[in-house]
Amino acid sequence: MNIKTKLRLGIGLLFLMILLLSTVGIRNVNSLKNDTENILADNYNTLEYCQNMIAALDVMQQKQNGLPAFEKNLRLQTKNVTEPGEGQATAHISQRLGQLRSNPGDPNLHLSIRRDIAQIMEQNMKAIERKSDIATQTAKTANTWIMISSTLCFLFGMTLLVNLPGNIANPIRELTASIREIASKNYSQRVYYRGRNEFGELADSFNTMAEKLEEYNKSNLSKILFEKIRIETLINNMHEPVIGLDENKVVLFINNEALKISGLRPDDIVGRPAEEIALGNDLIRSLVSDLSETESQGTLSTVPLKIYADNKESYFEKEIVNITIKPTGEREKRLIGHVIILKNITPFKELDFAKTNFIATVSHELKTPISSIKMSLLLLENQNTGHVNPEQRQLIESIKEDSNRLLKITGELLNMSQVETGNIQLNIQQASPEEILEYALEAVKVQAEQKQIDLQIDLEEDLPAIKADSEKTAWVLINFLTNAIRYSRQSGQIYITIRHHENGVQFAVKDEGQGIDSRYRAKIFNRYFQVPGSAKTGTGLGLAISKEFIEAQGGHIGVNSEIGMGSTFFFDLLRS
Ligand code: ADP
């Protein structure tokens, strides 16, 4: 039954009950009224007429004229005969009226009339008694009926009072609870109503909605699961070891490469705090040692990690990427985890060792023949060896200059191999910035000319002398200039600025090339690092060696660059 019909029936029945109650009440009150009216009309009036007739007889006995009053009351009594036997007695009195008229004082007649009147009065008194009993009975019946109908009304009213609010409120409460469940993403929630009323329809609509939401949620979930598997597969197939951690440093995933080098099984690591695993695993300890709590960009280790796995030594460069998100509706970024990526640099390292050894050997081997060339030149210059004409002398001078240069270059190459093996030998002295610049300019002159690059020099006057190894500092400046030339367009301009400041002198080389993306700016001083997409002609070592040279001299090296706006590489060295 639907709610509307239920309400209509309930209120309708209440209305009927009220009607029944009032009908029963009115009917019973009416019958009570009739009973009492009967007593008044039928018997009370008769008693009054009888008393009046007795009074008239009394008047007549005292020889006065009571006849008219007697006749009048007898007439009224004749019309008001209601009880059995009352008519006969009244008729008796009427028959004796003639004798009374002719002989109003006759005591025998009076006696007989009084007897009849007494009979009438007695009959009416009895009637009053009977009718009063009937009225009492009517009142009792009325009471019973009113009680029955009131009880019925009460019972019905109570049933409505107890059931109707619940009938309406319970489904609403149930529905509200279900809507709350759905709002908290419990899409399996359903509502069940047995009745086919409005709430039944509402429940059906609600269930359909919940079902569709569940279906939608499941389809999204399966999509997300699919994407998760895809990403896991991608990570697993990467040749570089990758480990993912959440914000509490609990391991979320680890790929096969990382498992291979760490010697762990997935069950040993996934879902466990990295610090706990680090207690029993050296590799994990060194990987998580410098995880930052902040949401900074991440770090790239400068010292390569040496890992022994698969019966060979490998070198890895550790990169920690801090993962941050900006939650919906919030302004602040939040750190949600870290990804540790190990870049295998073993081939570079091996190449580097081979190159360093090669350079060291070649430079060492070249030193002897160059020294013997210099020796021979000295002998040639000697008068005892023979006479040399001016042209020959000029040639000897030029060979001398070249061999000096060759000797210097081999020295530099040796220095470089020292840096790479970690044995830098510095020759720090009081040096002139102008001389260093001159030397560097001489070295890159040909390269710049080939590319028609204009070198603009801004050299401050009266620069103080600096504490530096001139050769190594010049080497750094040459490296800056070579890079600037390489990354400048044809016929571009390069600005070389040398200025002094409070503590020393700054050398800066500015180009108008492509610039360096902010993401890579911090990494370009790392060994072997080359900006992705840049010309792969170099080795990625130049800036790293420059950094070591400058820092070994107590200086500072850096770069300012914006993509598309060129770059300015600079280094500061202390004044002497
Ligand atoms: P490379 O031998 O590769 O030049 P460097 O250590 O000198 O090695 O430089 C490292 C990387 O920095 C380069 O691969 C290049 O991508 C970037 N770089 C260096 N100088 C510049 C520059 N002036 N403009 C743009 N990128 C530069």
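# A guided tour from helix α1 to strand β13

Select helix α1, residues 3-61, and locate leucine 9 within this helix. The model on display is a predicted one. Leucine 9 counts as partly exposed, because its relative accessibility is 44%, a value between the 20% and 50% limits of that class. Now add Met1, Leu13, Phe15, Leu16 and Leu19 to the selection: together with Leu9 they make a nonpolar surface patch of about 600 Å².

**Cysteines**

Next, select cysteine 50. Is this residue buried or exposed? Cysteine 50 is buried, since its relative accessible area is 0%. Proceed to cysteine 153, which has a relative accessibility of 16% and therefore also counts as buried; the limit for this class is under 20%. A search for disulfides will return none, as the structure holds zero of them.

**The annotated PAS span**

Select residues 227-272. An unreviewed UniProt entry annotates this span as "domain: PAS". In the model, 46% of the span is helix and 20% is strand. A distance drawn between its end C-alpha atoms reads 24 Å.

Within view of this selection, display strand β1, residues 242-246, and pick glycine 244, which has its place there. Glycine 244 is buried, because its relative accessible area is 1%. How far apart in space are glycine 244 and glycine 337, C-alpha to C-alpha? The separation is 7.4 Å, although their positions lie 93 residues apart in sequence numbering.

**Strand β13 and its two partners**

Move on to strand β13, residues 567-574. Seven of the eight residues in this strand are buried, so that β13 is mostly covered.

Which strands should be displayed beside β13? Begin with β11, residues 504-511, which pairs with β13 in the antiparallel sense over seven bridges. To inspect one of the contacts, select glycine 504 and leucine 574 of β13, which are bridge partners.

Then add β12, residues 556-561. This strand also runs antiparallel to β13, and six bridges join the two. Here, asparagine 560 may be selected together with its bridge partner in β13, threonine 568.

Finally, follow the chain from β12 into β13. The two strands form a hairpin with five residues between them. Select glycine 564 in this hairpin and display its backbone torsions: phi is positive, near 85°. The tour thus ends at the hairpin beside β13, a strand with antiparallel pairing both to β11 and to β12.

Note on methods:
Residues are numbered from 1 along each chain as its sequence is written. This is a predicted model: local features need pLDDT of at least 70, side-chain atom pairs count only at pLDDT 80 or more; totals for chains, interfaces and linings use all residues. Side-chain values use heavy atoms; hydrogens and water are left out. UniProt positions are given in the numbering used here, feature names are shortened, and annotations may be inferred rather than shown by experiment. Helices (H or I, at least four residues) and strands (E, at least two) are DSSP runs, numbered from the N terminus. A disulfide is a pair of cysteine sulfur atoms within 2.5 Å. Buried means under 20% relative accessible area, exposed over 50%, partly exposed in between (1.4 Å probe, protein chains only). Two strands pair if DSSP finds at least two bridges between them. Patches are made of residues with over 30% relative accessible area and no salt bridge: like charges are joined within 9 Å, nonpolar side chains (Val, Leu, Ile, Met, Phe, Trp, Tyr) within 5 Å. Accessible areas come from the Shrake-Rupley method with a 1.4 Å probe; for residues, only the protein chains shown count as cover. A salt bridge is a side-chain nitrogen of Lys or Arg within 4 Å of a carboxyl oxygen of Asp or Glu.
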